[in-house]
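Biologist: I am new to reading models like this one, and I would like to learn what the words mean as we go. Could we look at it together?

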Amino acid sequence: MGRGKEVKELREKMGMNRREFSNYYGIPYRTVQDWEAEKRELPEYLLRLMKYRAEIERKVKNES
């Protein structure tokens, strides 16, 4: 699976549209579009960090 598809799956799992996702991570909207369309290559380390942040914040919300 390409990283663009992984970004889309992460975004959908978080229940966000592209605008919300880009605002959440502070990434330009166009960049998110390009990643999902695989027009631009997302660095592996950045994808791992995005997944990590999503997981940590979900755990924090569950503990509250």
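Modeller: Happily! Let's begin with a word: a residue is buried under 20% relative accessible area, exposed over 50% and partly exposed in between (1.4 Å probe, protein chains only). Helices (H or I, at least four residues) are DSSP runs, numbered from the N terminus. Residues are numbered from 1 along each chain as its sequence is written, and this is a predicted model. Local features need pLDDT of at least 70 and side-chain atom pairs pLDDT 80 or more, while totals for chains, interfaces and linings use all residues, and side-chain values use heavy atoms, without hydrogens or water.

Biologist: Which residues of helix α1 are buried?

Modeller: Helix α1 spans residues 3-13, and its buried residues are Gly-4, Val-7, Leu-10 and Arg-11.

Biologist: How do you know that they are on the same side of α1?

Modeller: We look at the arc of the directions from the helix axis to the C-beta atoms. Here the arc is only 120 degrees, so the buried residues sit on the same side of α1. Lys-5 and Lys-13, on the other side, are exposed.

Biologist: What covers the buried residues of α1?

Modeller: The cover includes α2 (18-25), α3 (29-36) and α4. Just after α1 there is also Gly-15, with a positive phi of about 75 degrees.

Biologist: Let's move to helix α2, where Ser-22 is found. Why is Ser-22 called buried?

Modeller: Its relative accessibility is 2%. The cut-off for buried is under 20%, so Ser-22 qualifies.

Biologist: What is Ser-22 in contact with, leaving aside its neighbours within four places in sequence?

Modeller: Contact means heavy atoms within 4.5 Å. By that rule, Ser-22 touches Ile-27, Pro-28, Tyr-29 and Val-32.

Biologist: How many aromatic pairs does the structure hold?

Modeller: There are two. One of them joins Phe-21 and Tyr-25, with 4.9 Å centre to centre and 65 degrees between the planes.

Biologist: What makes Phe-21 and Tyr-25 an edge-to-face pair?

Modeller: Rings of Phe, Tyr and Trp (its six-membered ring) pair if their centres lie within 6.5 Å; planes under 30 degrees apart count as stacked, over 60 as edge-to-face and the rest as tilted. The centres of Phe-21 and Tyr-25 are 4.9 Å apart and the angle is 65 degrees, so both tests are passed. Phe-21 and Tyr-25 are four residues apart in helix α2, which means about one helical turn between them.

Biologist: And what about Tyr-24 and Tyr-25?

Modeller: Tyr-24 and Tyr-25 are edge-to-face as well, at 4.8 Å centre to centre and 90 degrees between the planes. Phe-21, Tyr-24 and Tyr-25 thus form one aromatic cluster. Within it, Tyr-25 counts as buried because its relative accessible area is 15%, and Phe-21 is buried too.

Biologist: Now for charges. How many salt bridges does the structure hold?

Modeller: Eight. Side chains of opposite charge can pair when their charged atoms come close.

Biologist: Why is the pair of Glu-41 and Arg-3 called a salt bridge?

Modeller: The term asks for a side-chain nitrogen of Lys or Arg within 4 Å of a carboxyl oxygen of Asp or Glu. The closest N and O atoms of Glu-41 and Arg-3 are 2.8 Å apart, so the pair fits. This bridge links distant parts of the chain: Glu-41 is in the loop between α3 and α4, Arg-3 is in helix α1, and 38 residues separate them. Glu-41 is exposed at 60% relative accessible area, whereas Arg-3 is partly exposed at 26%. Through shared partners, salt bridges also join Arg-3, Glu-41 and Glu-44 into one network.

Biologist: Where do Asp-34 and Arg-30 lie?

Modeller: Both are in helix α3, four residues apart, about one turn of the helix. Asp-34 and Arg-30 form a salt bridge with 3.8 Å between the closest N and O atoms, and that value falls within 4 Å.

Biologist: Are Asp-34 and Arg-30 buried or exposed?

Modeller: Asp-34 has 14% relative accessibility and counts as buried, while Arg-30, with 51%, is exposed.

Biologist: Last one: why is Tyr-52 called exposed?

Modeller: Tyr-52, found in helix α4 (residues 44-63), has a relative accessible area of 54%. The cut-off is over 50%, so Tyr-52 is exposed.

Technical notes:
Helix = DSSP H or I, 4+ residues; strand = E, 2+ residues; numbered from the N terminus.
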